[in-house]
Amino acid sequence: MVWHAHMLNPRDFLEDCMRYGKHSLWTAGLPWPAINSCIHNETFEYQCNSATVKRFESITGLKWDNLSDMRLMEIECARCYVRFETPWTTCTSVDKWRENGPGENGQGFADRLFRIICPYCKTGIDHDFLRAQKFNQDLKNLMEDDLPMPGTLLDLDGKLMTSHRNQHLFPNWLLKAGLYKEMQILLDPSRVPSWKIEDVR
C-alpha cells in the first residue's frame, strides 16, 4: 500500500525513481497477478498465506495487521542523534475522534499537532522540525553524493525539464556554489534547537 500511495503522486514517484536510480521500479508497475491472487473473490479481503506474513514481519519488524502493531514508533532527535519512542497518537477518546476527525486531537506522531520533547537533550520536536530535518538530509545528499534536491528534475506536469542550459538545476548549483554553508548554519540543530522549515524558505 505504501508503494501504491507513492505512485498516486506520479510526478514525485518518477522523480524519486530517477534520483535514486530505480528506473526499473518505475517501469515495472504493480505486480497485479500476485496482488489479485491474494484478494478473495467474494469478500474482497486481502489474504496472504502464513509464509508471506512471516516473511513480511521478519523483514520489517512490523505486524502484518497494523492494528496489532505497537502503539509507539521510534524517531531520532536531530540535535543529539538519540533514538527514542513516541506514541502514534495521544488521542484515546473515540468521541473526540468522531467529533473532530482522526488526527485532529492529540499530540502523537500521526496527529496534526504532534509535539514531543527529546528526553535526552530537551529539544522540542514537531512536524515542522522534522520537515526541516528532511531538507537538511537532502542538502547533505546533494553535497556528499551529488543527488539532486527533490523537486528540481521534473516540471509541474511531471515532464523532464529541458530548459536552456538546464536552468531547472539552478537550485542545486546555487546550493553547491556556497548557499549550503548558510543553510548549514541555519539548520544546525546544536545552535538552533527549534529550527523550522519556514526558516529555510
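# A tour of the predicted model

Start with the whole chain in cartoon view: its secondary structure comes to nine helices and four strands. The model is predicted. Follow the chain from the N terminus and the elements run α-α-α-α-α-β-β-α-β-β-α-α-α.

**Whole chain.** Keep all 201 residues selected and turn the view. The C-alpha trace spans about 60 × 45 × 35 Å along its principal axes. The radius of gyration of the chain is 21 Å, whereas a compact globule of 201 residues would have one near 17 Å. Now show the surface: the chain exposes about 14100 Å², and carbon and sulfur atoms supply 56% of that area. Buried residues account for 28% of the chain. Among contacts between residues at least 6 apart in sequence, 38% join residues at least 24 apart.

**The largest pocket.** Next, select M1, F56, K63, W64 and N66. Of the 41 residues lining the largest pocket, these are the closest to its centre. The volume of this pocket is about 1500 Å³. Then colour the elements that give two or more residues to the lining: helix 1 (2-7), helix 4 (32-36), helix 5 (50-60), strand 1 (72-76) and strand 2 (83-87). Which element gives the largest share of the lining? Helix 5 does, with five residues. Colour the lining by residue type and it divides into 26 nonpolar, nine polar and six charged residues.

**Helix 2.** Move to residues 10-19, which form helix 2. Show the side chains of R11, F13, L14, E15, C17 and R19, the buried residues of this helix. What covers them? The cover includes helix 1, helix 3 (23-28) and helix 7 (127-145), so display these three together with helix 2. After helix 2, stop at G21, where phi is positive, near 65°.

**K176.** Finally, select residues 170-186, which make up helix 8, and pick out K176 within this helix. Is K176 buried or exposed? K176 falls in between: its relative accessible area is 36%, so K176 counts as partly exposed. Buried would require under 20%, and exposed over 50%. Leaving aside neighbours within four places in sequence, K176 is in contact with L142, M143 and D146. To end the tour, set a distance label between the C-alpha atoms of K176 and L139: they are separated by 9.3 Å, with the two residues 37 apart along the chain.

Technical notes. Residues numbered from 1 in each chain as written. Predicted model: local features only at pLDDT ≥ 70, side-chain atom pairs only at ≥ 80, totals over all residues. Heavy atoms only, no water. 1 Å grid on protein atoms, 1.4 Å probe; cavity = no way out; pocket = protein on both sides within 12 Å on 5 of 7 lines; lining within 4 Å. Points joined across faces, edges and corners; volume = space filled by probe spheres on them. Nonpolar A, V, L, I, M, F, W, Y, C, P; charged D, E, K, R; others polar. Rg over C-alpha atoms; globule rule 2.2 N^0.38 Å. Buried < 20%, exposed > 50% of the residue type's maximum accessible area, 1.4 Å probe, protein only. Contact = heavy atoms within 4.5 Å. Areas by Shrake-Rupley, 256 points an atom, 1.4 Å probe, with all protein chains shown as cover.
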